[in-house]
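The exercises below are to be worked with the sequence and the coordinates side by side. Each task is followed by a solution that goes step by step.

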Amino acid sequence: IAQIKKNPLKRALRVGKITMAALEPTLRLYLNPETLAQELTTLRLFTRKAADMQAQAQQLLAPLQAALGANFVVETAPMNSQIGSGALPVENLPSFGLKIYPATGKQAGRQLSQLETRFRTLPRPVIGRLHDDAFWLDLRCLEATAQAEFVEQFSQLTTA
């Protein structure tokens, strides 16, 4: 403890009043474990059932396919959500989402890169990932309350 007290990082890394004020309400949520997942967004998203995400993918499939037109194929697909960083950098959870790939193999990389850019530049950006010659949208973090807004943006995904 004496060595820690002498280290200059002690002052820089100490927990101050602001950190404690932010941490206290989160820790209070743990006093009611039965409502914890409802109140704590991260836990709610981590414990989301794959069947719920699969049903959501089925609902989104047709509107997204219509918005992208014949240039792309949209399919529902199982995938893994990478949940880790920090303490759990490689942890994955089974998930479900949408797999989008060009209808023709012609300039697939370029088409997918442009599609990714269109999703990222929407008014409410959508972040997917490019993998195995496809653009993947993991639905783990798309809650039902945001789904309508998500679908409304599809009209801005023109393939011109």
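**Exercise 1.** In this predicted model, find the helix in which alanine 50 lies, and decide whether alanine 50 counts as buried, partly exposed or exposed.

*Solution.* Begin with the position along the chain: alanine 50 belongs to helix H6, which covers residues 50-68. Next take the relative accessibility of alanine 50, which is 35%. Because partly exposed residues lie between the limit for buried, under 20%, and the limit for exposed, over 50%, alanine 50 is classed as partly exposed. As a last step, compare sequence and space: alanine 50 and threonine 121 are 71 residues apart along the chain, and their C-alpha atoms are separated by 28 Å.

**Exercise 2.** Determine which helix holds methionine 20, and which residues make the nonpolar surface patch that includes Met20.

*Solution.* Methionine 20 is placed in helix H3, residues 17-29. Its relative accessible area is 48%, so methionine 20 is partly exposed, and this value passes the cut-off of over 30% that is asked of patch residues. The patch itself is made by Val15, Met20, Leu23, Leu27 and Tyr30, and has an area of about 500 Å².

**Exercise 3.** Work out in which sense strand E2 pairs with E1 and with E4, and name the residue opposite lysine 99.

*Solution.* Start with E1 (residues 72-82) and E2 (residues 92-102), which pair in the antiparallel sense over 11 bridges; within this pairing, valine 74 has isoleucine 100 of E2 as its bridge partner. Then turn to E4 (residues 134-138), which pairs with E2, again in the antiparallel sense, over four bridges. Here tryptophan 136 in E4 stands opposite lysine 99.

Note on methods:
Residues are numbered from 1 along each chain as its sequence is written. This is a predicted model: local features need pLDDT of at least 70, side-chain atom pairs count only at pLDDT 80 or more; totals for chains, interfaces and linings use all residues. Side-chain values use heavy atoms; hydrogens and water are left out. Two strands pair if DSSP finds at least two bridges between them. Helices (H or I, at least four residues) and strands (E, at least two) are DSSP runs, numbered from the N terminus. Patches are made of residues with over 30% relative accessible area and no salt bridge: like charges are joined within 9 Å, nonpolar side chains (Val, Leu, Ile, Met, Phe, Trp, Tyr) within 5 Å. Accessible areas come from the Shrake-Rupley method with a 1.4 Å probe; for residues, only the protein chains shown count as cover. A salt bridge is a side-chain nitrogen of Lys or Arg within 4 Å of a carboxyl oxygen of Asp or Glu. Buried means under 20% relative accessible area, exposed over 50%, partly exposed in between (1.4 Å probe, protein chains only).
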